[in-house]
Amino acid sequence: MEARTLSVSISVAVTLALIFNVYLPGVTGATFAIQNQCSYTVWAAGIPGGGKALGQGESWSVDVPAGTSAGRFWGRTSCSFDASGQGKCSTGDCGGLLNCQASGQPPATLAEYTLNGGNNRDTYDISLVDGFNIPLSITPSDASCTAPTCSSNINTICPSELKVTDGCNSACVAFNTPQYCCTGDYLTNCSPTNYSKIFKDQCPQAYSYAKDDAPSTFTCASGANYKIVFCP
Ligand SMILES: *[C@@H]1O[C@H](CO)[C@@H](O)[C@H](O)[C@H]1NC(C)=O
């Protein structure tokens, strides 16, 4: 009886091993290494991932499960948290938590990604659709994939009507009109504006508004890992 139970257990284990290792080859998650090269502390945040304070030169490694879609990392500035991890940040604040469980407040430069999408490829982009707070780059471990960067400090050239502490709002965030947000009459036909062009000029590889052209999104064969650098 015990031998029979053992043999059933083994065959279940072998079946599971076959399913996960043989029949779905290559379906692995990715490790994101978040590195702060800014001269100031950045409170890194991830959905999924949570959050961590990174002094200059410090890194944070986050393992993201296979199949994660609409994941994002961003940086928060000028934060203060109490011992229980509650507080606030000037930019990127996620409901006052050190350990983010939801997206952050604009403006924030976003590193967005989906793992194991169509054709078993990952997609990723840098988005300024919610504005800009910190220069950022994304570097896949697979050197054949594009490593987009937004290294310009857009805060220094931000028009006064978009400027906030530590950041530069997008026109959509600042004015919330259909033309700037690509909603309503502009849902399917949304052109760059004088404001989105400011962001595009500074960071040509980043999304500058919601319907920015395709070259802002990049793909890489799944299985790659990613390095995200603040102030590359
Ligand atoms: C952008 O265009 C709007 C509307 O035409 C105008 O009010 C605004 O001053 C312009 N801003 C910049 C930075 O060119």
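Select Pro-107 in this predicted model: Pro-107 sits in the loop that runs between strand 7 (87–88) and strand 8 (110–114). The peptide bond leading from Pro-106 to Pro-107 is cis, and its omega is near -5°.

A second cis bond is the next stop. Select Ile-47 and Pro-48, which are joined by a cis peptide bond with omega of about 0°. Pro-48 belongs to the loop between strand 2 and strand 3. Extend the selection to both strands: strand 2 (residues 42–47) and strand 3 (residues 50–54) pair in the antiparallel sense, with five bridges between them. To follow the pairing, select Val-42, whose bridge partner in strand 3 is Leu-54. The two strands make a hairpin with two residues between them. Gly-49, in the turn, has a positive phi of about 140°.

**The open sheet**

Now display the whole chain, which has four helices and 15 strands. Among these elements, five strands form an open sheet in the order 4-1-15-10-11, with mixed pairing. At its edges are strand 4 (59–64) and strand 11 (149–150), each of which pairs on one side only. Strands of a sheet pair through backbone hydrogen bonds, in either a parallel or an antiparallel sense. Select strand 1 (residues 30–36) together with strand 15: the two run parallel and are joined by five bridges. One pair to label is Asn-36 with its bridge partner in strand 15, Phe-230.

Continue past the end of strand 15 to Cys-231, which is found in the segment after that strand. Phi of Cys-231 is near 60°, a positive value in a residue that is not glycine. Is Cys-231 buried or exposed? Cys-231 has a relative accessible area of 18%. Because buried means under 20%, Cys-231 counts as buried.

**Ser-222 and the residues around it**

Go back along the chain to Ser-222, in the loop between strand 14 (217–221) and strand 15 (226–230). Ser-222 is buried, with a relative accessible area of 15%. Which residues does Ser-222 touch, leaving aside those up to four places away in sequence? They are Asn-116, Asn-120, Arg-121 and Asp-122. Display the side chains of Ser-222 and Asp-122, which are joined by a polar contact of 2.7 Å. Then add the backbone of Asn-116: its nitrogen lies 3.4 Å from a polar atom of the Ser-222 side chain.

From here, select Asn-119, in the loop between strand 8 and strand 9 (121–127). Asn-119 is another residue other than glycine with a positive phi, here near 60°. With 77% relative accessibility, Asn-119 counts as exposed, whereas Ser-222 is buried.

**Helix 4**

Select helix 4 (residues 194–202) and colour Tyr-195, Ser-196, Phe-199 and Lys-200, which are buried. Viewed down the axis of helix 4, the buried residues fall within an arc of 140°, so they line one face of the helix. Asn-194 and Asp-201 are exposed, on the other side of helix 4. To see what the buried residues of helix 4 pack against, add strand 13 (167–168), helix 2 (171–175) and helix 3 (178–181).

**The cavities**

Keep helix 4 on display and turn to the interior. Rolling a probe the size of a water molecule over the atoms shows where empty space is left. The model has two cavities of 30 Å³ or more. The largest cavity has a volume of about 90 Å³. It is lined by 14 residues, of which Cys-172, Tyr-180, Ser-196, Ser-208 and Tyr-209 are the closest to its centre. Helix 2, helix 3 and helix 4 are the elements that give two or more residues to this lining. Which element gives the most to the lining of the largest cavity? Helix 4 does, with three residues. Ser-196 therefore deserves a label of its own: Ser-196 is among the buried residues on the one face of helix 4, and Ser-196 is also one of the residues closest to the centre of the largest cavity.

**The chain as a whole**

Finish by clearing the selections and colouring the chain by burial. Of its 232 residues, 42% count as buried. Among contacts in the chain with a separation of 6 or more, residues 24 or more positions apart account for 60%.

Definitions and conventions: Residues are numbered from 1 along each chain as its sequence is written. This is a predicted model: local features need pLDDT of at least 70, side-chain atom pairs count only at pLDDT 80 or more; totals for chains, interfaces and linings use all residues. Side-chain values use heavy atoms; hydrogens and water are left out. Two strands pair if DSSP finds at least two bridges between them. Buried means under 20% relative accessible area, exposed over 50%, partly exposed in between (1.4 Å probe, protein chains only). A polar contact is a pair of N or O atoms within 3.5 Å; within protein, one must be able to donate a hydrogen and the other to accept it, and residues adjacent in sequence count only if both atoms are side-chain atoms. Contact means heavy atoms within 4.5 Å. The arc is that of the directions from the helix axis to the C-beta atoms. On a 1 Å grid over the protein atoms alone, a cavity is a set of points where a 1.4 Å probe fits but cannot get out, and a pocket is an open set with protein on both sides within 12 Å along at least five of seven lines; lining residues have an atom within 4 Å of a point. Grid points are joined across faces, edges and corners, and a volume is the space filled by probe spheres set on the points.
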